[in-house]
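Here's a quick tour for anyone meeting this structure for the first time. Have a look at the picture, then read on.

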Amino acid sequence: MQASWFVVQTQPRAEAKAKRHLVNQGFETYMPVYERRVRHARRTEVVLRPLFPGYLFVQLDPEMQRWRSINGTVGVHQILTDGNAPRPVPDRIIDEIVARQDESGAIKLASPSFNPGQAVRLVDGAFADVSALFEEMRDESRAVLLISLLGRKVRVNVSAAEVAAAA
C-alpha cells in the first residue's frame with residue numbers, strides 16, 4: 001500500500017500545535033487555511049484560520065508507519081478510523097483543496113451568491129444580527145444591502161464575508 005491522506009481530529013483550537021508535533025514525529029501534514037478579517041479593539045486585521053476547524057490531514061502508509069502513535073500526539077484527539085484501520089481520504093479531495101490555494105497558501109473561498117431582494121442577515125461587524133435585503137455585489141468582496149433603520153430603508157456597503165442567508 002502507498003501513502004494516503006487521513007483525517008486527524010485535533011483538540012479544540014489546537015490544530016497548529018497538533019501539526020507541529022506531528023511534523024516533529026516525521027509525518028507529512030496538511031492544514032488548509034483561509035483568510036478571515038477580524039475586528040478587535042477598533043482594529044481590523046486579516047488572519048489565517050483553519051478551513052476545517054478541529055481537523056487536519058496527515059499523509060502516511062498505515063502498513064509501514066506506526067499510525068497509532070498519532071492518537072497520543074500533543075494536540076491530537078484521534079485519527080479517524082473505520083474500526084481498526086485509519087480511514088483514507090481520496091487524493092482528489094486533497095488535490096481540489098490544494099488547487100484553490102493562492103500564492104500565500106490561503107484557500108480562496110467563493111463569494112456568497114444571493115439574488116436581489118433575498119433576505120439576508122449580517123453575522124459580523126457594526127450591524128451584526130441585523131436582517132437586511134440583498135441588493136447587489138459591488139465587487140468580489142463588497143455587498144450592497146438594504147436595512148431598516150429608524151423606519152426607513154438605508155443602503156449600506158458591507159464586506160461579503162459578513163453576510164449570510166436568513167434562516
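Let's begin with helix α1, residues 15–24: its buried residues are Glu 15, Ala 18 and Leu 22. Looking down the axis of α1, you'd find these buried residues within an arc of 65°, so they line one face of the helix. Keep in mind that all of this comes from a predicted model.

What covers the buried residues of α1? Five strands are part of the answer, and the table lists them.

| Strand | Residues |
|---|---|
| β1 | 4–10 |
| β2 | 28–30 |
| β4 | 43–50 |
| β5 | 55–60 |
| β6 | 76–79 |

Just past the end of α1 sits Gly 26, with a positive phi of about 95°.

Now zoom out to the chain. Its secondary structure is made up of two helices and 15 strands. The C-alpha trace spans about 65 × 35 × 30 Å along its principal axes. The radius of gyration is 21 Å, whereas a compact globule of 167 residues would have one near 15 Å.

How much of the chain is buried? Of its 167 residues, 34% count as buried. As for contacts, take those with a separation of 6 or more: 54% of them are between residues 24 or more positions apart.

On the outside, the chain exposes about 10,800 Å², and carbon and sulfur atoms supply 49% of that. Finally, the charges: there are 22 positive and 19 negative ones, and their mean positions lie 9 Å apart.

Key:
Residues numbered from 1 in each chain as written. Predicted model: local features only at pLDDT ≥ 70, side-chain atom pairs only at ≥ 80, totals over all residues. Heavy atoms only, no water. Helix = DSSP H or I, 4+ residues; strand = E, 2+ residues; numbered from the N terminus. Rg over C-alpha atoms; globule rule 2.2 N^0.38 Å. Buried < 20%, exposed > 50% of the residue type's maximum accessible area, 1.4 Å probe, protein only. Contact = heavy atoms within 4.5 Å. Areas by Shrake-Rupley, 256 points an atom, 1.4 Å probe, with all protein chains shown as cover. Lys, Arg positive; Asp, Glu negative; His and termini not counted. Charge placed at Lys NZ, Arg CZ, Asp CG, Glu CD. Arc of directions from axis to C-beta.
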